[in-house]
Amino acid sequence: MTTRDLLLLRHDDQVRGTIADRLPKTWTPSWDGPVLRITTPSRGLAFARDLDGLSVDELDALIGRVRADFAARGQAVEWKTYGHDRADLTERLRLAGFAPEPEETVVVGLASDLVTAGEAPAGVTVRPTTDRTDLARIAALQTEVWGADFSWLADDLADRIETAPDNIVVLVAEAEGQLVSAAWLVVIPGTEFGALWGGSTLARWRRRGIYRALVARRARIAVDRGLKYLMVDASADSCPILRRLGLHEVSTTTPWVWTPQP
C-alpha cells in the first residue's frame, strides 16, 4: 500500500467516519441510509460514503430527499463530495439542481513534519483567542479576503469553542494594530487527526511567511496533544505550500450546493 493510499484510508476512517460524533451543539444530525444530513444555523450539510451499492434510481431518490428536506426548511444545502466517491455522483447532483463551488485538495501528513514550518516575521504577533470580539474580526477578515459573506463564522467558532473548548485552538496574527491572518486547529476526538482550518491572510501581508508560521504553531500544539496526522482541505493558494512542507495529496473535495429559489 502506498503512502497516499494509507493516508487516504485513515482519513476516510477517522475523519469522514466520525463527523456525526463531533458536531457543535447547535447542529442536528439525522441519517437517511448512507447519507448524514446536518441542520446548522446557516445552511444544511450532507455527507455520504459507501454509495456504490445504490442503483442510479436509488441514488437520485436519495439526493431528492436531501433536497426536499432542506427545501422544506427554506435552507440551502451543501453536499460535500470527494474525488474518490462513485464516479457518477456529481452528475446526479448536477441533474438535481446542485452547483459546484471551488474544488479543494485534501492533503494529509505527519504533524511532526510541520513543527518547523516557519516563524512569524518581524512585526507580526501570533496569539490564541476565544474572545468574541476577535471572532467577529476573523469573520470580517474572511469576508474581505474571499469577497463573500462570512459573518456567520463568528457564531460558528463561538459555538465550537463553547461545545468542546479542548477540541479547537483559534490563533490570530496581528501587525500594525490590525488582524492580518487567522487560523484554527480542530482536534478530531478519538482519532489520530487534527484539521487545519482558516489561514486566510490579507493581500498585502501575503508571501511573508505568516501562513507557514500559523501552520507550525498549530502543528506544535497538535504534537503536544498527541496527534499523529494533520489534514487540510487546501485551496489552490495553500496547496503548493503544504506540499512543499511535506503533506501528501490524497484526494480532492468539492462542495455541491443546492439553493432554494425565491
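The legends below describe views of a predicted model.

**View 1. Overall fold of the chain.** The predicted chain holds seven helices and twelve strands. Its C-alpha trace extends over about 60 × 50 × 30 Å along the principal axes. The radius of gyration is 19 Å, which agrees with the value near 18 Å for a compact globule of 262 residues.

**View 2. Burial and contacts in the chain.** Of the 262 residues, 50% are buried. Among contacts with a separation of 6 or more, 71% join residues 24 or more positions apart.

**View 3. Surface and charged side chains.** The chain has an accessible surface of about 12,400 Å², and carbon and sulfur atoms contribute 50% of that area. Positive side chains number 31 and negative ones 36, with the centres of the two sets 4 Å apart.

**View 4. Helix α6, residues 210-224.** The end C-alpha atoms of α6 are 21 Å apart. This agrees with the expected span, because 15 residues at 1.5 Å a residue should also give 21 Å. After α6 comes Gly226, which has a positive phi, near 85 degrees.

**View 5. Buried residues of α6 and their cover.** The buried residues of α6 are Ile210, Tyr211, Ala213, Leu214, Val215, Ala216, Arg218, Ala219, Ile221 and Ala222. Strands that cover these buried residues include β7 (125-129), β8 (168-175), β9 (178-187), β10 (193-201) and β11 (229-234). Helix α7 (238-244) is also part of the cover.

Notes:
Residues numbered from 1 in each chain as written. Predicted model: local features only at pLDDT ≥ 70, side-chain atom pairs only at ≥ 80, totals over all residues. Heavy atoms only, no water. Helix = DSSP H or I, 4+ residues; strand = E, 2+ residues; numbered from the N terminus. Rg over C-alpha atoms; globule rule 2.2 N^0.38 Å. Buried < 20%, exposed > 50% of the residue type's maximum accessible area, 1.4 Å probe, protein only. Contact = heavy atoms within 4.5 Å. Areas by Shrake-Rupley, 256 points an atom, 1.4 Å probe, with all protein chains shown as cover. Lys, Arg positive; Asp, Glu negative; His and termini not counted. Charge placed at Lys NZ, Arg CZ, Asp CG, Glu CD. Expected span 1.5 Å × (residues − 1).
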